[in-house]
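User: Please choose one part of this structure and take me through it closely, explaining each term as you go. I am seeing this model for the first time.

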Amino acid sequence: MIYNFNAGPSVLPKEVFVEAGQAILDFNNTGLSILEIGHRTSLFQPVMDEARALVKELMHLDDDHEVLFLHGGATTQFMQIPMNLLNDNELASYTDTGTWAAKAIKEAALFGHVEIAGSTKETKYTSIPKDITVSPTAAYLHITTNETIAGTQWKNIPYDCGVPLVADMSSDILSRQLDFNKFDLIYAGAQKNMGAAGVNLVVVNKNILGKVTRKIPTILDYQNHIKEGSMLNTPPVFAVYVVLLTLRWLKKMGGVAALEKNNNAKADLFYKTLDSLPLFKGIVAKEDRSNMNAVFVMEDPTLEKEFLDLCKKENMIGVKGHRSVGGFRVSMYNALTLESVKAITELMKQFAQVHA
């Protein structure tokens with residue numbers, strides 16, 4: 001058995017692989033592959049319609065919020081958001097909580113002024129800012145709800161920040177219950193909790209659009225994508241289909257509430273084990289630890305390679321930490337089983353016992 005702790009692209013439900021594989025050979029008994037059907041045909045339109053409807057259902061979205069599936073992943077949104085929401089002479093407020101937040105800040109500065117509402121850069125992004133200051137004139141506040149590399153997660157969302165709230169949820173989308181209607185724009189690459197790489201989810205409150213004075217290229221204007229139902233250009237057909245299959249699985253499992261309960265159980269088991277073993281050390285403030293990405297190191301760095309070699313021997317994939325942080329990272333996305341977490345925590349205990 002292989003245990004997949006990759007940070008992304010990452011683990012998906014087995015039944016999604018089976019159904020997606022079948023669709024590559026024969027989509028819905030049509031004799032055609034999902035890879036070769038027209039995106040504007042009666043074969044694919046129901047896929048897009050159901051995927052968008054399931055997002056609305058699972059997130060309990062109101063009629064003001066539109067669901068889009070776009071190309072480019074979350075990285076494209078770093079510039080598409082300020083292009084649509086921020087005039088040259090206006091201010092946007094950003095929290096600086098890690099690698100991905102910093103990338104978003106860099107792109108936003110190309111379109112207007114950026115203020116840092118809160119930052120943990122000085123402490124190497126090992127926590128989430130507790131006090132943020134948002135200018136009431138800011139066009140929006142941007143947060144990264146979960147930092148995949150730093151291993152931090154916002155537990156207390158600043159819903160009442162006084163300005164439109166924008167969130168990068170790439171690594172914790174649909175993993176826990178939030179009041180999604182209080183966000184004015186949510187974006188998330190699909191390849192961690194929601195599907196395969198190649199498509200990006202955008203949930204946007206249409207009331208915040210159409211207010212900038214700049215001319216926006218056709219393909220980058222959210223309003224055009226809304227008007228065309230995510231069919232402004234050829235969508236990533238297969239990636240959208242895998243999202244649909246994953247959303248069906250998520251609903252079948254009991255929805256976001258059920259997944260949150262399971263994710264809490266996995267994170268609780270992992271962090272309790274981590275804290276009980278002096279050989280290993282968590283580097284993130286306990287109150288800000290991510291339920292999706294557990295980041296940790298060893299008290300004795302010379303043992304790291306030995307532990308990674310043991311993980312490889314036991315078919316535990318993706319445990320090595322990001323190159324910018326080092327150490328280890330165990331990603332526990334929606335589709336990762338509790339049994340997988342039990343397996344790696346037992347391995348950690350055995351390794352610690354040998355080196356006691």
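Analyst: **A three-stranded sheet and its surroundings**

Three strands, in the order S11-S12-S14, make up an open sheet whose pairing is antiparallel; strands here are DSSP runs of E with at least two residues, helices are runs of H or I with at least four residues, and both are numbered from the N terminus, while two strands pair if DSSP finds at least two bridges between them. The edges of the sheet are strand S11 (280-282) and strand S14 (328-331), each of which pairs on one side only. From one strand to the next, the twist averages 35 degrees.

This is a predicted model, in which local features need pLDDT of at least 70 and side-chain atom pairs count only at pLDDT 80 or more, although totals for chains, interfaces and linings use all residues. Residues are numbered from 1 along each chain as its sequence is written, and side-chain values use heavy atoms, with hydrogens and water left out.

Within the sheet, S11 and strand S12 (residues 293-298) run antiparallel and are joined by three bridges. In this pair, Lys 281 stands opposite Val 297 in S12. Packed on the sheet is helix H7 (residues 255-276), which touches S11, S12 and S14, contact meaning heavy atoms within 4.5 Å. The direction of H7 makes about 15 degrees with that of S12, where axes are lines fitted to C-alpha atoms, for helices over the stretch in contact, and angles run from 0 to 180 degrees between N-to-C directions.

Which residues does Phe 280 touch, leaving aside its neighbours within four places in sequence? Phe 280 is in contact with Leu 274, Phe 296, Val 297, Met 298, Phe 307, Met 348 and Phe 351.

Phe 280 also belongs to a wider grouping, for together with Phe 69 and Phe 270 it has the most contacts inside the largest nonpolar core, a set of 87 residues. The largest share of this core, eleven residues, is supplied by helix H6 (residues 237-252). Separate from it is a second core of 22 residues, including Leu 68, Leu 86, Val 166 and Tyr 222. A nonpolar core is a set of buried Ala, Val, Leu, Ile, Met, Phe, Trp, Tyr and Cys residues joined through side-chain atoms within 4.5 Å, and buried means under 20% relative accessible area, against over 50% for exposed and partly exposed in between (1.4 Å probe, protein chains only). In soluble globular proteins, nonpolar side chains tend to be buried together.
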